[in-house]
Amino acid sequence: MSLIQLDEPRVRERRRPTRSGRTYAIRTFGCQMNVHDSEGIAGLLEADGMKRIAEPENADLVVLNTCCIRENADQKLYGTLGMLKKAKDQRPGMLIAVGGCLAQKDEDIIQERAPWVDVVFGTHNFDRVVSLLDYAEEWGPVMEILEESTEVAVVPVKRDVAHSAWVTIMIGCNNACTFCIVPAVRGGEISRRPGDIVREVESLSADGVVEVTLLGQNVNSYGRDLELNGHKTLFAELLRQVGAVEGIERIRYTSPHPKDFREDVAVAMAETPAVCEQLHLPLQSGSDRILAAMHRGYNAERFLAKVELARRLIPNLALSTDIIVGFPGETEEDFQHTLDVVEQARFDSAFTFIYSPRPGTAAAELVDDFIDKDVVHDRYQRLGELQHSIGLETNRALIGQTVELLIDGPSKKDPERKSGRTRTNKLVHLKTEQPAGSFADARLVEATPYFLLGEPA
Ligand code: SF4
């Protein structure tokens with residue numbers, strides 16, 4: 001496999017499509033950032049004339065956009081690559097490209113373990129996918145991994161959903177949470193210029209998009225690295241600017257960091273009608289000792305103070321979180337502190353994870369402190385039960401209310417119903433003729449911890 005490096009500024013080629021009639025399939029592993037990168041890769045391939053199909057084994061090109069945040073990412077990748085090798089043996093013209101976080105981290109390993117891969121690219125150059133495919137078709141397998149980004153890549157995007165869109169506002173992260181591999185694979189924070197973001201949102205609105213989610217690894221740091229004419233546009237101001245775009249009815253964002261969530265952002269949320277009453281604030285642990293070991297930069301008291309601030313300033317706020325159970329060295333007492341914070345914060349929903357080491361992170365070195373699996377599973381279950389009862393109670397309190405839904409499409413639970421989301425991001429199933437992308441009022445009639453049932457109001 002050749003290793004090529006960029007030695008000149010990136011010029012995005014404008015050219016006629018060269019792969020018309022050929023097909024591609026993309027498999028995305030991981031977070032929203034990866035999902036959005038895949039939309040960009042799809043946009044570039046379609047601009048080059050390709051058509052998407054669902055079955056990778058029948059496609060002329062398969063792109064695997066990898067993630068190393070989730071557990072067993074490499075097993076999933078090499079399992080999929082093994083399956084694709086068989087397809088490629090039958091159809092030697094098939095191209096296989098592997099990009100994303102795992103490719104960024106394990107470039108040489110992919111080359112060694114799967115020499116039938118044609119293109120390996122990283123997190124900083126997915127916008128080069130078409131040029132790399134050209135290279136591979138002419139010269140053979142190629143790998144291009146860049147150490148860092150110099151700007152946020154903006155490419156034509158192919159979205160699966162017409163009414164809702166992700167908008168990248170920044171990439172990278174300057175924090176150093178000891179369990180997290182993101183800073184190593186995504187690099188330091190780089191913000192996009194606010195004018196570019198607003199123009200993108202305006203053009204999405206002109207295309208019929210009514211809901212945008214602003215994306216960044218640490219959105220509360222937005223704009224700190226960017227001074228234009230002596231002025232820094234920070235996240236609160238960006239929310240107001242995006243909120244002024246006509247036609248955008250709902251604005252969400254992910255993810256903020258609790259240590260950086262401040263009053264100016266809560267006030268901007270409350271004062272900007274399009275910004276939804278929804279906040280995802282990752283707790284990770286309720287133990288001060290474990291939070292310090294994670295390098296999170298806050299303790300339980302400060303976290304709860306942020307929750308109180310947000311709830312005081314933003315009426316009807318729904319709160320979600322992430323929690324890791326079984327971080328190295330977590331004692332029963334530490335875990336009790338997590339349960340205490342969950343009781344007090346009363347999250348609407350929580351994504352709970354069992355700690356698993358990510359090679360290359362500081363916490364992965366703490367092998368002597370890893371917790372017994374049975375103990376961790378027991379804690380995980382107890383946390384799940386607590387959150388289950390809080391979620392149910394919170395959702396039951398909504399029964400009888402009339403809420404505005406943005407209809408997403410047919411319900412996956414019940415083919416006779418459609419699914420929609422409230423402004424607070426609650427999932428509601430109801431019988432309605434309203435098409436995807438339209439708004440409908442619903443009266444909530446039944447609740448579970450994870451979704452509600454509604455009737456047209
Ligand atoms: S804030 Fe922490 S958890 Fe989030 S991306 Fe940065 S290092 Fe990872």
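Colleague: Which strands close into a barrel here, and what is their order?
Modeller: There are five, running 16-17-18-20-19, and their pairing is mixed. From one strand to the next, the twist averages 50°. Bear in mind that this is a predicted model: local features need pLDDT of at least 70, side-chain atom pairs count only at pLDDT 80 or more, and totals for chains, interfaces and linings use all residues. Residue numbers start from 1 along each chain, as its sequence is written.

Colleague: What counts as a strand or a helix in your book?
Modeller: Both are DSSP runs numbered from the N terminus: helices are H or I with at least four residues, and strands are E with at least two.

Colleague: How do you know that strand 16 and strand 17 pair?
Modeller: Two strands pair if DSSP finds at least two bridges between them. Strand 16 (residues 402-410) and strand 17 (residues 418-421) have four bridges, in the antiparallel sense, so they qualify. Proline 410 stands opposite lysine 418 of strand 17.

Colleague: And what makes strand 17 and strand 18 a pair?
Modeller: Again, four bridges in the antiparallel sense, with strand 18 covering residues 427-430. Within strand 18, histidine 429 is the bridge partner of serine 419, and valine 428 is that of glycine 420. The hairpin of these two strands has five residues between them, and asparagine 425 there takes a positive phi near 70°.

Colleague: Which other sheet is there, and what order does it have?
Modeller: An open one of three strands, ordered 13-14-15 with parallel pairing.

Colleague: Why do you put strand 13 and strand 15 at the edges?
Modeller: Strand 13 (278-280) and strand 15 (349-354) each have a single partner strand, so each has one side without a neighbour in the sheet. Ignoring direction, neighbouring strands of this sheet are turned by 10° against each other on average. Strand 14 (residues 318-325) pairs with strand 15 over six bridges in the parallel sense. One such link joins aspartate 322 to phenylalanine 351, its bridge partner in strand 15.

Colleague: Why are helix 7 and helix 8 called roughly parallel?
Modeller: Angles run from 0 to 180 degrees between N-to-C directions, using axes fitted to C-alpha atoms, for helices over the stretch in contact. Under 35 degrees counts as roughly parallel, over 145 as roughly antiparallel, 65 to 115 as roughly perpendicular, and the rest as oblique. The axes of helix 7 (residues 194-206) and helix 8 (residues 235-243) cross at roughly 30° and come within 10 Å. That is why the two are roughly parallel.

Colleague: Which residues make the contact of helix 7 and helix 8?
Modeller: Residues are in contact if their C-beta atoms, placed from the backbone, lie within 7 Å. Pro194, Ile197, Val198 and Val201 of helix 7 do so with Leu238, Gln241 and Val242 of helix 8. By class that is six nonpolar, one polar and no charged. Ala, Val, Leu, Ile, Met, Phe, Trp, Tyr, Cys and Pro count as nonpolar, Asp, Glu, Lys and Arg as charged, and the others, Gly among them, as polar.

Colleague: What makes you call helix 11 and helix 12 roughly parallel?
Modeller: Helix 11 (residues 300-313) and helix 12 (residues 332-345) have axes that cross at roughly 15° and come within 11 Å. An angle like that makes helix 11 roughly parallel to helix 12. Ala300, Phe303, Leu304 and Val307 of helix 11 make the contact with His337, Val341, Gln344 and Ala345 of helix 12. These residues divide into six nonpolar, two polar and no charged.

Colleague: How do helix 12 and helix 13 pack, and at what angle?
Modeller: About 10°, with axes 10 Å apart; helix 13 covers residues 373-396. Helix 12 is therefore roughly parallel to helix 13. Here Phe335, Thr338, Leu339 and Val342 in helix 12 meet Arg379, Leu383, Leu386 and Gln387 in helix 13. Their contact has five nonpolar, two polar and one charged.

Colleague: Which residues surround the ligand?
Modeller: Cys173, Asn175, Cys177, Cys180, Val182, Pro183, Gln217, Asn218 and His257. A residue is near a molecule or strand if its C-beta atom, placed from the backbone, lies within 6 Å of it. The shell divides into five nonpolar, four polar and no charged.

Colleague: Which peptide bond is cis?
Modeller: The one from threonine 254 to serine 255, with omega near -5°. Serine 255 is in the loop between strand 12 (250-254) and helix 9 (263-271).

Terms used:
Contact = placed C-beta atoms within 7 Å.
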